[in-house]
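This report follows one strand and its neighbours, and then turns to a covalent link and to the aromatic side chains. The sequence and the structure come first.

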Amino acid sequence: MRFVKEASMWVVALLANLVLTGPVTVVDGDTVRSAGVTYRLANIDAPETGGRARCDSEAALGAAATQRARGLVAEADVVAVVPTGRTDRYGRVVARVEVDGRDLGEVLMEEGLAQPWRGRRGQWC
């Protein structure tokens, strides 16, 4: 099933457990928001941004991860959010986010902008 990009980017319902929700906004390298729901990208850790970063290099890399994620989402014809059925300790729904069939988290890791999630915040400084 194919969906075409319209005026704004819409999350696409591809699977039974996926809900058509609306435009996707990238919050940071490992968090997106859609229709009032905040999603944590599954299986990755991206560096923190701004005041949450532990050092300047983490903040800079976090900003780069955020910008890259925003670019990938904006350029995609299809963005799908696939919930895993879990929530994190902050109440975010853990999900895979796919941009044109590619896992957003995997792309960020391949480009050195994220690392595999190991159960706690990674070392970026």
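Which residue in E7 is the bridge partner of glutamate 98? The partner is aspartate 103, and this pair is a convenient way into the surroundings of strand E6, described here from a predicted model.

**Strand E6 and its partners**

Strand E6 covers residues 93-99, and five of its seven residues are buried, so the strand is largely enclosed by the rest of the structure. The cut-off behind this reasoning is that a residue counts as buried when its relative accessible area is under 20%. The strands that pair with E6 are set out below.

| Strand paired with E6 | Sense | Bridges |
|---|---|---|
| E3 (residues 37-41) | parallel | three |
| E5 (residues 79-87) | antiparallel | six |
| E7 (residues 102-103) | antiparallel | two |

Individual partners help to place these strands in the view. On the parallel side, tyrosine 39 has valine 93 of E6 as its bridge partner, while valine 79 stands opposite valine 99 in E6. In a regular strand the side chains alternate between the two faces of the sheet.

Two hairpins involve this strand. E5 and E6 form a hairpin with five residues between the strands, in which glycine 91 takes a positive phi near 85 degrees. E6 and E7 form a hairpin with two residues between them, and aspartate 100, which lies in that turn, has a positive phi of about 50 degrees.

**The disulfide**

The structure holds one disulfide, which joins cysteine 55 to cysteine 125 with an S to S distance of 2.1 Å. The pair links distant parts of the chain, 70 residues apart, since cysteine 55 lies in the loop between strand E4 (44-45) and helix H1 (56-75), and cysteine 125 lies in the segment after strand E8 (115-116). The link of cysteine 55 and cysteine 125 is left-handed, with -105 degrees about the S-S bond.

Are the two cysteines buried, partly exposed or exposed? Cysteine 55 has a relative accessibility of 22% and therefore counts as partly exposed, whereas cysteine 125, at 59%, counts as exposed.

**Aromatic side chains**

A search of the whole structure for aromatic pairs finds zero. A contact between a charge and a ring is nevertheless present, in that the charged end of arginine 40 sits over the ring of tryptophan 117, at 4.9 Å from the centre of that ring.

Note on methods. Residues numbered from 1 in each chain as written. Predicted model: local features only at pLDDT ≥ 70, side-chain atom pairs only at ≥ 80, totals over all residues. Heavy atoms only, no water. Buried < 20%, exposed > 50% of the residue type's maximum accessible area, 1.4 Å probe, protein only. Helix = DSSP H or I, 4+ residues; strand = E, 2+ residues; numbered from the N terminus. Pairing = 2+ DSSP bridges. Disulfide = S-S within 2.5 Å. Phe/Tyr/Trp six-rings, centres within 6.5 Å; stacked < 30°, edge-to-face > 60°. Lys NZ or Arg CZ within 6 Å of the ring centre and 35° of its normal.
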